[in-house]
Amino acid sequence: MTYHGGREYLAIPGPSVMPEAVLRAMHRASPNIYEGELIDMVAGIIPDLKRVAGTEHNATIYIGNGHGAWEAALANVVGEGDHVLGLYNGRFGVGWGEMAEGVGVVVEPLDFGMKTPVDGARLEAALRADTSGRIKAVLCTHVDTSTSVKNDISEVRAAIDASGHDALLMVDCIASMGCDRFEMDAWGVDVAVAASQKGLMVPPGLGFVFFSEKAAARRAKMPRVSRYWDWTPRANPEFFYQYFAGTAPTHHLYGLRASLDMLYAEGMEQVWARHEKLAGAIWTACEAWSSGGPLALNVPDPKHRSCAVTALHIGLPHGVNLRQWCEQNAGITLGIGLGMATEEDPKGQGFFRIGHMGHVNAQMVMGTLGSMEAAFAALDVPRGTGALDAAAKELAR
Ligand SMILES: *Cc1c(COP(=O)(O)O)cnc(C)c1O
């Protein structure tokens, strides 16, 4: 007997749940890409995207996933032989660094482990040591989705400023935008990248690159940038096709318009507060379970946890069995562990992740936690009691 009939719930850290309003907006005939409604709609999307990122500067949209946005951002400000600092606390930080290496950039890694954020003092020291100014940019994830560590970007900025170094600050907000508070201009970020399929609740396929005037000045000094990645005509198009260097991603744009409308109807402060509250309920339940069994939150300090995703360790075989039980019996898919391999667990399957980004509310979180409780009972996983009660109280508080 299984109970997975009913609406499925993909509770992984992206792609996230698509709201009905987004799906309905996309369900339409192809629009004219030369004049009319679509052209006006895109002109309205750009300022609204800037508001989500907290910037008054430049916003560009690429047809591509997060990896595409990573490369787009790099292509405009660094090239073969340039050095960057890669700040790592998980697989995605490393991945952006590898993307830079792939285009000939020399990446100097600063590794902060898998459970703790960037240490500003170490960053400051590394930049101070660069007396020749070879480092052109600092790459940092806001939230590393593999570990669920959240970096304090204003502290990263403060460390760069304290060092007196003029490297660009480039931040990967793919997991965090529309979930964890992010304020590009106030926090002194030069380049921010995001994608459509996480907090922005649209299918995978759009990448966003936001850039400051300082980053634009760096772009102007680049010997060349590929026509496709070049952000200059995209940010200041003379003709509509320049927004996308070709055909517009028509249906994704209708979906994005609907999602931006939802974000503004709710209000960004409330969107961030909702994510924080729901994440708090999940952490409270997980802490209760972990008090009497093998479950452990990956990031010990709640201050450094993302409100969009939670990475957990439960060991083997529970990690595999839990996800399988939830999917087959409860219709909910939890995320696999990513980049968490150890010697005794070479595939990192003792880890799993709960995605709680975007179109998520209290009943979905309680459903997730209730399904996990049922799985633990069915699989006879030792655990502390009172998890659901604690989560309910957290939501009621
Ligand atoms: C999802 C994610 C990516 C990769 O995005 P893709 O769309 O899969 O290419 C990069 N960085 C972070 C922080 C992410 O969460």
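**Entry 1: salt bridges across the domain boundary**

I looked up how many salt bridges run between domain 1 and domain 2 in this predicted model, and the count is one salt bridge. I then looked at Glu-269 and Arg-181, whose side chains meet in a salt bridge with an N to O distance of 2.6 Å. By the domain bounds, I place Glu-269 in domain 1, which takes in 9-16 + 267-396, and Arg-181 in domain 2, which covers 31-264.

I also looked up polar contacts between the two domains and noted 15 residue pairs, both residues of each being at pLDDT 80 or more. On the side of domain 1 that touches domain 2, I find that α10 and β12 are the elements that give two or more residues. Of these, α10 supplies five residues, the largest share of that side. Sorted by class, the same side of domain 1 holds 14 nonpolar, eleven polar and four charged residues.

**Entry 2: extent of the domain interface**

How many residues of each domain are in contact with the other? I noted 29 residues on the side of domain 1 and 27 residues on the side of domain 2. For the area buried between the two domains I wrote down about 2400 Å², with carbon and sulfur atoms giving 61% of it. Three residues, Met-268, Trp-272 and His-304, supply 24% of the area that domain 1 buries against domain 2, and no other three residues supply more. I added that the C-alpha centres of the two domains lie 28 Å apart.

**Entry 3: salt bridges in the model as a whole**

Turning from the interface to the full count, I recorded 21 salt bridges, and I followed three of them in detail.

The side chains of Asp-48 and Arg-51 form a salt bridge with 3.4 Å from N to O. Both residues sit in helix α2 (residues 37-53), and because they are three residues apart there, about one helical turn separates them. Are the two partners buried or exposed? Asp-48 counts as buried, because its relative accessibility of 13% falls under the 20% limit, whereas Arg-51 is exposed, with a relative accessible area of 51%. I also noted that this pair belongs to a network of salt bridges that links Asp-48, Arg-51, Arg-257 and Asp-261.

The next pair I looked up was Asp-230 with Arg-219, a salt bridge in which the closest N and O atoms are 2.9 Å apart. Here the partners are eleven residues apart and the pair links distant parts of the chain, with Arg-219 in helix α7 and Asp-230 in the loop between α7 (213-221) and α8 (231-235). Both Asp-230 and Arg-219 are buried.

The last pair was Glu-287 with Arg-305, where I noted a salt bridge with 3.2 Å between the closest N and O atoms. Glu-287 belongs to helix α10 (residues 268-290) and Arg-305 to the loop between β11 (296-297) and β12 (309-313), so this salt bridge ties together parts of the chain that are 18 residues apart in sequence. As for accessibility, Glu-287 counts as partly exposed at 36%, while Arg-305 counts as buried at 4%.

Definitions and conventions:
Residues are numbered from 1 along each chain as its sequence is written. This is a predicted model: local features need pLDDT of at least 70, side-chain atom pairs count only at pLDDT 80 or more; totals for chains, interfaces and linings use all residues. Side-chain values use heavy atoms; hydrogens and water are left out. A salt bridge is a side-chain nitrogen of Lys or Arg within 4 Å of a carboxyl oxygen of Asp or Glu. Helices (H or I, at least four residues) and strands (E, at least two) are DSSP runs, numbered from the N terminus. Buried means under 20% relative accessible area, exposed over 50%, partly exposed in between (1.4 Å probe, protein chains only). Domain bounds come from an automatic or database domain assignment. Contact means heavy atoms within 4.5 Å. Buried area is the accessible area (1.4 Å probe) that two parts lose on being put together, summed over both. A polar contact is a pair of N or O atoms within 3.5 Å; within protein, one must be able to donate a hydrogen and the other to accept it, and residues adjacent in sequence count only if both atoms are side-chain atoms. Ala, Val, Leu, Ile, Met, Phe, Trp, Tyr, Cys and Pro count as nonpolar, Asp, Glu, Lys and Arg as charged, and the others, Gly among them, as polar.
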